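Trainee: Got a minute to go through this one with me? I'd like to start with the empty space and then move on.

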Amino acid sequence: MNASQQANKEAIIQQVAAVPVGEVTSYGAIAKAAGLPGYARFVGHVLRNLPKDSKLPWHRVINAQGKLSFPPESDAYIEQKKRLVNEGVVFKNDKIKLSHR
DNA sequence: CAGGGGGCTAAGG
DNA sequence: GCCTTAGCCCCCT
């Protein structure tokens, strides 16, 4: 892995970790906040390949549609939704309201 | 080097 | 509301 990519990953992780409890953000927002506009998909890749000891709140990162990026019947979807609800995130018919944009 | 795919996004139909 | 196009980026075959 290149050093720059590692740095980008770190920056992304930083932003994700900076998301407060009860709040959700989109991949694009994370990427942009990390100084990597257009890296939305890379954010997804990073979160997907997270080491199991990351302790990173990946569940607070959703897509711009205010929904989870997993199939509704997927275990990951259910797990993420459960975690969010447990943290106080309000779901509107399987949709989360992002703090306006 | 080419091809396909993925926790994306925005714009159209 | 869903699917398609086009654009962005990175990863694995």
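**Pocket and DNA strand**

Mentor: By class, the lining of the largest pocket has six nonpolar, four polar and two charged residues. Here Ala, Val, Leu, Ile, Met, Phe, Trp, Tyr, Cys and Pro count as nonpolar, Asp, Glu, Lys and Arg as charged, and the others, Gly among them, as polar. This is a predicted model, with pLDDT of at least 70 needed for local features and 80 or more for side-chain atom pairs, while totals for chains, interfaces and linings use all residues. Residues are numbered from 1 along each chain as its sequence is written, and side-chain values use heavy atoms, without hydrogens and water.

Trainee: Which helix gives the largest share of that lining?

Mentor: Helix α3 (residues 40-48), with six residues. Helices are DSSP runs of H or I, at least four residues, and strands are E runs of at least two, numbered from the N terminus.

Trainee: Switching topic: is His59 buried or exposed?

Mentor: His59 is buried, at 4% relative accessible area (buried is under 20%, exposed over 50%, partly exposed in between, with a 1.4 Å probe and protein chains only).

Trainee: And the DNA, which residues surround strand C?

Mentor: Among them are Gln5, Tyr39, Arg41 and Lys95, where near means a heavy atom within 4 Å.

Trainee: What part of DNA strand C do they meet, sugar or phosphate, or bases?

Mentor: Of the DNA strand C atoms within 4 Å of the protein, 89% belong to sugar or phosphate, and the rest to bases. A side-chain N or O atom of Lys95 is 2.9 Å from a phosphate oxygen of DNA strand C. For Tyr39, such a pair is 3.4 Å apart.

Technical notes: Chains are lettered from A and ligands numbered from 1 in the order in which they are written. A polar contact is a pair of N or O atoms within 3.5 Å; within protein, one must be able to donate a hydrogen and the other to accept it, and residues adjacent in sequence count only if both atoms are side-chain atoms.
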